[in-house]
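Dear colleague,

I am passing on the structure below, which you have not worked with before. Please look it over first, and then read the notes that follow it.

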Amino acid sequence: MWKIFSTVACAAAVAWPSVAFAQATTRPCGPDESAGPACLLARKHLASLPRGKVYWHLDRFTATKEAQRAATTASVVAEAFGSVWLFTIARARWRPLGGRHVSTIGPLPVTPAAGYTADYIRSVFEPGTTAPLHVHSGPEAFFAVEGDTCLETPDGVRIGRGTGNSLMIEAGPPMLLMAIGRVRRKGFALILHDADQPPTTLTHAWHPRGLCARQLASDQRR
């Protein structure tokens, strides 16, 4: 049975856009889904990954027991945003028995490791809220249940719009994640990393050019 943990504590509400400061902890997310710092919804240790290209599958179920029956050894079951979710690392064509398939994100650019950990993060950000500048030791994928997403890296900006938008980034580059648009962003993230490495490291070695902030300002003028 998987265990529920938490992440990303300590928030600072400063001048807009605001920053939700975060670092992994062992405190559960809890039932409160109001806007604020992201949290670690679930953590799954994987001795190995399927051969070939792997993907993050998101499936929605009506009941926890139903999702648990459909789970594999590479799945976790979590409750969030009024639904029961099955998160699974698998090949592209994999599907669970039952439920409603919501999204397949990937292929995830993983690198060889003796073992892996999948950290599943839940976040609720008001437009203008950002995560702190950070890097990951494995790829990160984002899925928005609702709201708009902006991800800035040294290579530029990536934007996801509307319900079900997704983004993905490889391990290594520093990044800034911001909720943009005009509605609250509710979403999940997956960090699939080497089990011997920390998933997230805060950084001050890079300064964003404000590309997401400009997009947010444009959205607010509409």
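Over how many bridges do S9 and S10 pair? Before the answer, please keep in mind that this is a predicted model. S9 and S10 pair over five bridges, in the antiparallel sense, and within this pairing the bridge partner of Glu152 in S10 is Val157.

These two strands belong to an open sheet of three strands, which has the order S10-S9-S12 and antiparallel pairing. Its edge strands are S10 (156–160) and S12 (176–180), each of which pairs on one side only, and the twist from one strand to the next averages 20°. Helix H2 lies across S9, S10 and S12, and it runs at about 0° to S12.

The disulfides

The sheet and the helix bring me to the cysteines. A disulfide is a covalent bond between the sulfur atoms of two cysteines. A search of the whole structure finds two disulfides, and, with bonded cysteines counted along the chain, they follow the pattern 1-2, 3-4.

One of them is formed by Cys150 and Cys212, whose sulfur atoms are 2.0 Å apart. With -85° about the S-S bond, the link of Cys150 and Cys212 is left-handed. Cys150 lies in strand S9 (residues 148–153) and Cys212 in helix H2 (residues 211–221), so this pair ties together parts that are 62 residues apart in sequence. Cys150 counts as buried because its relative accessibility is 0%, and Cys212, also at 0% relative accessibility, counts as buried too.

Cys29 and Cys39 form a disulfide as well, with their sulfur atoms 1.9 Å apart. The torsion about the S-S bond of Cys29 and Cys39 is about 105°, so this disulfide is right-handed. Cys29 sits in the segment before strand S1 (36–46) and Cys39 in strand S1, with the two cysteines 10 residues apart. Both Cys29 and Cys39 are buried.

Strand S13 and its partners

The next part of the structure to look at is strand S13 (residues 185–194), which is mostly covered, as eight of its 10 residues are buried. Strand S6 (residues 116–125) pairs with S13 in the antiparallel sense over 10 bridges, and in that pairing Val124 has Lys186 of S13 as its bridge partner. Strand S8 (residues 140–146) also pairs with S13 in the antiparallel sense, here over six bridges, and Phe143 has Phe188 of S13 as its bridge partner.

S13 also holds His193, which is buried, with a relative accessible area of 4%. Which side chain makes a polar contact with the side chain of His193 at 3.3 Å? That side chain belongs to Asp119. In addition, the backbone oxygen of Gln197 lies 3.2 Å from a polar atom of the His193 side chain. If neighbours within four places in sequence are left aside, the residues in contact with His193 include Gly115, Tyr116, Thr117, Asp119, Ser137 and Gly138, together with Pro198 and Pro199.

The aromatic rings

Lastly, there are the aromatic side chains. A pair of aromatic rings is described by the distance of the centres and the angle of the planes. The count for this structure comes to eight aromatic pairs.

Trp56 and Tyr120 form a tilted pair, at 5.9 Å centre to centre and with 50° between the planes. Trp56 lies in strand S2 (residues 55–61) and Tyr120 in strand S6, so the pair ties together parts that are 64 residues apart in sequence. Both Trp56 and Tyr120 are buried.

Phe87 and Phe188, by contrast, form an edge-to-face pair, at 5.1 Å centre to centre and with 70° between the planes. Phe87 lies in strand S4 (residues 83–90) and Phe188 in strand S13, so this pair ties together parts that are 101 residues apart in sequence. Both Phe87 and Phe188 are buried.

Ring pairs link these four residues with others into a cluster made up of Trp56, Phe81, Trp85, Phe87, Tyr120, Phe143 and Phe188. When you follow this cluster in the model, you will meet Phe188 and Phe143 again, the two residues named above as bridge partners.

With best regards

Definitions and conventions:
Residues numbered from 1 in each chain as written. Predicted model: local features only at pLDDT ≥ 70, side-chain atom pairs only at ≥ 80, totals over all residues. Heavy atoms only, no water. Buried < 20%, exposed > 50% of the residue type's maximum accessible area, 1.4 Å probe, protein only. Helix = DSSP H or I, 4+ residues; strand = E, 2+ residues; numbered from the N terminus. Pairing = 2+ DSSP bridges. Phe/Tyr/Trp six-rings, centres within 6.5 Å; stacked < 30°, edge-to-face > 60°. Disulfide = S-S within 2.5 Å. Polar contact = N/O pair within 3.5 Å; in protein donor to acceptor, adjacent residues only side chain to side chain. Contact = heavy atoms within 4.5 Å. Axes fitted to C-alpha atoms, helices over the stretch in contact; angles between N-to-C directions.
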